[in-house]
Amino acid sequence: MKLKKMFGAALFLVLPFCTIAAFPPSAPVTIVSDLDDVLRITELWNPVRAIQNVGLDDFQPVTGMPELYRSFAEVNGTQFAYITGGFVSWSPSYISGLQKHYPPGTAYFRVFTPFNPKMLFNARQLHAQTLIDADPKRKVILVGDFATPGLINAYTKLATKNPRQIQCLIFLDVRATNPANWLVPATKPLAQNQALSNRWTVFETAQEFRNDSITYLRQLQRTTNDTFGCGALISRQKKFLDLVEGTHYGSAKATFLTVTKGLSAMVQCLMVLPFRPSPLCRLDRREGTWYPWHKKFESEMELRDWKYLPNTVINGTKYEEMCYEEGKFWLVNGTCGRS
């Protein structure tokens with residue numbers, strides 16, 4: 001009992017009680033955006049890198065996202081709210097980066113308070129709900145990613161509870177540009193809820209998403225239809241569903257597959273330990289990495305755009321195996337061999 005009290009007191013001292021509002025809000029359309037691996041490079045799939053990125057390194061924006069959000073800001077009547085599962089004590093590194101790279105908005109962090117213990121575990125969901133409750137007439141777009149644990153489920157619950165306010169759930173598929181990411185997203189909540197069928201979509205990079213998203217944002221500003229949903233952005237679902245072959249995992253299965261893939265990646269990295277950094281070690285697959293044995297940077301490796309190995313789909317063709325020889329990668333059906 002004494003130990004519990006001591007632990008409680010320590011936690012009480014470490015975690016501050018209030019969020020930090022970086023900027024003030026209020027407008028007809030609010031973009032509520034997750035921060036980690038959506039706007040800021042965090043690399044949640046690599047705990048060591050995540051700690052370094054958040055705790056030691058300067059705020060590094062995700063490629064193209066500052067320009068995309070500044071384009072959103074040019075659409076009149078758009079406001080921004082930024083949410084993260086990071087504790088408020090980490091806020092200085094987030095706030096400085098937001099102020100430098102992104103449009104003004106309000107930043108919300110995870111806090112601990114004995115009067116609302118849920119805030120410790122459901123910070124993103126509770127902060128977003130507070131924003132909606134403050135102005136029920138506003139239209140809300142939730143932006144997140146497939147790498148943050150629990151985010152899909154939280155956004156799904158919010159959209160189900162607030163069908164007239166939340167118009168679209170937009171997810172960045174970070175696997176498209178991060179070969180190191182082995183996290184398996186739990187997308188089953190999206191697939192099971194028919195009411196959300198036209199209210200979620202996916203994009204891979206800010207550059208390819210820019211024109212479609214700005215057009216959508218302008219349409220959403222003008223429409224009086226509170227069931228407008230994702231509009232034309234819904235067509236982006238098809239590419240994602242084709243890649244996963246319509247397979248959606250629940251939290252338990254996604255967690256199991258994530259752990260399995262993580263262990264497999266670690267074993268593979270141990271096997272090529274003398275040759276690291278190596279593109280055959282997923283932990284090494286980062287932008288800017290130089291592979292001395294191949295005399296190439298990460299951006300030059302042919303494997304860069306392959307999202308699913310094995311069973312990769314490229315241009316409508318499914319391949320079963322990845323093959324490697326003399327610095328070259330290729331995909332085949334059957335056994336390895338030039339095809």
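Helices, with at least four residues, and strands, with at least two, are DSSP runs that are numbered from the N terminus. In this predicted model, Pro61 falls in the loop that runs between helix H2 (47-55) and helix H3. The briefing begins with that residue and then turns to the aromatic rings, the charges placed over rings and the disulfides.

**Pro61 and its surroundings**

- Leaving aside residues up to four places away in sequence, Pro61 is in contact with Leu39, Arg40, Ile41, Pro66, His101 and Tyr102.
- Between the C-alpha atoms of Pro61 and Asp37 the separation is 8.6 Å, although these residues are 24 residues apart along the chain.
- Two of the residues that Pro61 touches, Arg40 and Tyr102, return below, since Tyr102 belongs to an aromatic cluster and Arg40 has its charged end over a ring.

**Aromatic pairs and the cluster**

- Across the whole structure, a search finds 15 aromatic pairs, and one of them is formed by Tyr69 and Tyr102, which meet edge-to-face at 5.8 Å centre to centre with 80° between the planes.
- This pair links distant parts of the chain, given that Tyr69 lies in helix H3 (residues 65-73) and Tyr102 in the loop between helix H4 (91-101) and strand E3 (106-110), 33 residues apart.
- Both Tyr69 and Tyr102 are buried.
- The ring centres of Tyr94 and Phe109 are 5.7 Å apart and the ring planes stand at 70°, which is over the 60 degrees required, so this pair also counts as edge-to-face.
- Because Tyr94 is part of helix H4 whereas Phe109 is part of strand E3, the pair ties together parts of the chain that are 15 residues apart in sequence.
- Tyr94 and Phe109 are likewise both buried.
- One aromatic cluster is made up of Phe59, Tyr69, Phe72, Phe80, Tyr82 and Tyr102.

**Charges over rings**

- Arg40 places its charged end over the ring of Tyr94, at 4.7 Å from the centre of that ring.
- Arg110 is found over the face of Phe87, with a distance of 5.7 Å to the ring centre.

**Disulfides**

- There are two disulfides in the structure, and a disulfide is a covalent bond between the sulfur atoms of two cysteines.
- One disulfide joins Cys168 and Cys230, whose sulfur atoms are 2.0 Å apart, and the torsion about its S-S bond is about 100°, so this disulfide is right-handed.
- Cys168 sits in strand E5 (residues 166-172) and Cys230 in the loop between helix H9 (206-222) and helix H10 (237-243), so this pair ties together parts that are 62 residues apart in sequence.
- Are the two cysteines of this bridge buried or exposed? Cys168 is buried because its relative accessible area is 0%, where under 20% is required, and Cys230 counts as buried at 0% as well.
- The other disulfide is formed by Cys269 and Cys281, with their sulfur atoms 1.9 Å apart, and its S-S torsion of about 90° makes this disulfide right-handed.
- This pair links distant parts of the chain, with Cys269 in helix H11 (residues 251-271) and Cys281, twelve residues apart from it, in the loop between H11 and strand E7 (290-291).
- Cys269 has a relative accessible area of 2% and is therefore buried, while Cys281, with a relative accessible area of 0%, is buried too.

Key
Residues are numbered from 1 along each chain as its sequence is written. This is a predicted model: local features need pLDDT of at least 70, side-chain atom pairs count only at pLDDT 80 or more; totals for chains, interfaces and linings use all residues. Side-chain values use heavy atoms; hydrogens and water are left out. A disulfide is a pair of cysteine sulfur atoms within 2.5 Å. Buried means under 20% relative accessible area, exposed over 50%, partly exposed in between (1.4 Å probe, protein chains only). Rings of Phe, Tyr and Trp (its six-membered ring) pair if their centres lie within 6.5 Å; planes under 30 degrees apart count as stacked, over 60 as edge-to-face and the rest as tilted. A charge sits over a ring if NZ of Lys or CZ of Arg is within 6 Å of the ring centre and within 35 degrees of the ring normal. Contact means heavy atoms within 4.5 Å.
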